[in-house]
Amino acid sequence: HAKAAGRNTFAVFGTHMEEILRRRRALESDLATALETGTQLAVHYQPVYSAIDGRMSSMEALCRWMHPTFGAISPDVFVPIAEECGLIQKLGLYVLEEACSLLADVQDCDVGISVNASAIELMAPGYALRVLTMLSKFSLDPSRLEIEITERVATDSEGKAAAAIRSLRDAGVRFAIDDFGIGTSSFGQLLNLNVDRIKIDKMFVDQLHENGGAPLVEAIVQMARHKGLKTTAEGVETADQRVTLTSLGCDNLQGFQLSKPLNRPNTIRLLSQQEQTRVSAVL
Ligand code: C2E
Ligand code: MG
Ligand code: MG
Ligand code: MG
């Protein structure tokens, strides 16, 4: 009897696995189609503010996919798929082009833009040239662009990503380490990467008011400052977090408490109303 039940469970599990695999294959080919047509994809922009004066300093470009039958799919799901099936470079270029064209559309505005780049993109030949070509296509100063990389880049032993970072930084492009503190690389490995900023992961912001939370963030901020790096706190959701992060010396703040990611029309509206690009200072 138990054997039968076991076999049954296995059969159910098997069907479930098949279903997952079928859906996954569908997503792979649908993502390729979405990248060809461009119609299901969009880029949203989340404002990042200066902690000191409350002015908007930059925006982070975040990719969105509206699937015709599955609905909105999170980038946490489709970015890894793109990485595994060779579509990440196309996706990265799509987002970069959208972001550059947005900046080019809004004249007389000095905010910067950041885009997320996968380690695979940075290691691919020609990455630095493709980025610089895109910037010049839209007549943008390279210093307007910041590229967010993850700790995975630090594990690239061949140094291909480091070479791409070096040539882009020489041209004026800035770099940030995203989701700082949650990866598996050591502080030493991370600091060997030549970057301009670290983005303190939301996890630390969530634990800010728990025991030991604030001293930990303070230590990260001090370490960054010692290395001449700026800090952005991610995932700021409450006014209390804003006050504490500002007093701990974080340079920039990003999170739903300040603004959610906005679609392109709303971003353009916000950028063209200079008055609105400032949130009220908290201190
Ligand atoms: P990320 O780069 O760390 O981006 C921050 C994520 O946190 C975004 O999620 C954003 O919407 C969300 N977020 C911002 N403030 C808050 C907050 O206060 N509370 C909460 N709960 N969430 C907040 P999103 O847009 O779903 O993106 C998830 C991740 O997908 C990104 O994390 C990034 O790693 C990746 N991603 C998104 N777009 C791209 C892209 O164009 N290229 C690549 N390579 N990765 C991307
Ligand atoms: Mg990011
Ligand atoms: Mg992040
Ligand atoms: Mg994240």
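## Briefing: metal site, core and cysteines

Asp 179 has 27% relative accessibility, so it counts as partly exposed. This residue is one of the donors to a magnesium ion (ligand 3). The model described here is predicted. Its protein chain holds 11 helices and 9 strands. The radius of gyration is 21 Å, close to the 19 Å that the globule rule gives for 283 residues, so the chain is as compact as a globular protein of that length.

**Magnesium site**

- Which residues coordinate the magnesium ion (ligand 3)? Asp 178 and Asp 179 do so through OD atoms, and Glu 234 is listed twice, through OE.
- The coordination distances run from 2.0 to 2.5 Å.
- Along the chain, the donors of this ion follow the spacing D-D-x54-E.
- Asp 178 is a bridge between the magnesium ion (ligand 3) and the magnesium ion (ligand 2). These two ions lie 3.9 Å apart.
- Is Asp 178 buried or exposed? Asp 178 counts as buried, because its relative accessibility is 7% and the cut-off for buried is under 20%.
- Asp 179, at 27%, is partly exposed.

**Overall fold**

- The C-alpha atoms fill a box of roughly 70 × 50 × 40 Å along the principal axes.
- Of the 283 residues, 44% are buried.
- Take the contacts with a separation of 6 or more: 68% of them join residues 24 or more positions apart.
- The chain exposes about 14500 Å². Carbon and sulfur atoms supply 53% of that area.

**Nonpolar core**

- The largest nonpolar core has 79 residues.
- Met 59, Leu 145, Ile 147, Ile 149, Phe 175 and Leu 245 touch the most other members.
- Helix H3 (residues 88-105) gives the largest share of this core, 9 residues.
- Beyond its neighbours within four places in sequence, Phe 175 contacts a list of residues that includes Ile 147 and Ile 149. Among its other contacts are Leu 122, Ile 165, Leu 168 and Val 195.
- Phe 175 also contacts Glu 146, Arg 169, Asn 194, Asp 196 and Arg 197.

**Helix H10**

- Helix H10 spans residues 239-247. Its buried residues are Gln 241, Arg 242, Thr 244, Leu 245 and Thr 246.
- What do the buried residues of H10 pack against? Their partners are helix H8 (202-206), helix H9 (213-226), strand E8 (230-233) and strand E9 (252-253).
- Leu 245 also appears among the core residues that touch the most other members.
- Gly 249 follows H10 and has a positive phi, near 100°.

**Ala 124**

- Ala 124 sits in the loop between helix H4 (119-123) and helix H5 (127-137).
- Ala 124 counts as buried because its relative accessibility is 12%.
- Setting aside residues up to four places away in sequence, Ala 124 touches Gln 89 and Arg 130.
- Ala 124 and Gln 89 are 35 residues apart along the chain, and their C-alpha atoms are separated by 8.5 Å.

**Cysteines**

- How many disulfides does the model contain? The count is 0.
- Cys 63 is in no disulfide; its nearest cysteine sulfur belongs to Cys 85, 14 Å away. A disulfide would need the two sulfur atoms within 2.5 Å.
- Cys 63 has a relative accessible area of 9%, so it is buried.
- Cys 100 is also in no disulfide, and the nearest cysteine sulfur, that of Cys 109, is 13 Å away.
- Cys 100 has 2% relative accessibility and therefore counts as buried.

Key: Residues are numbered from 1 along each chain as its sequence is written. Chains are lettered from A and ligands numbered from 1 in the order in which they are written. This is a predicted model: local features need pLDDT of at least 70, side-chain atom pairs count only at pLDDT 80 or more; totals for chains, interfaces and linings use all residues. Side-chain values use heavy atoms; hydrogens and water are left out. Helices (H or I, at least four residues) and strands (E, at least two) are DSSP runs, numbered from the N terminus. Buried means under 20% relative accessible area, exposed over 50%, partly exposed in between (1.4 Å probe, protein chains only). Contact means heavy atoms within 4.5 Å. Donors are N, O and S atoms within 2.8 Å of the metal (3.2 Å for Na, K and Ca); water is not among the atoms, so sites may look incomplete. A nonpolar core is a set of buried Ala, Val, Leu, Ile, Met, Phe, Trp, Tyr and Cys residues joined through side-chain atoms within 4.5 Å. The radius of gyration is taken over C-alpha atoms; the globule rule is 2.2 Å times the number of residues to the power 0.38. Accessible areas come from the Shrake-Rupley method with a 1.4 Å probe; for residues, only the protein chains shown count as cover.
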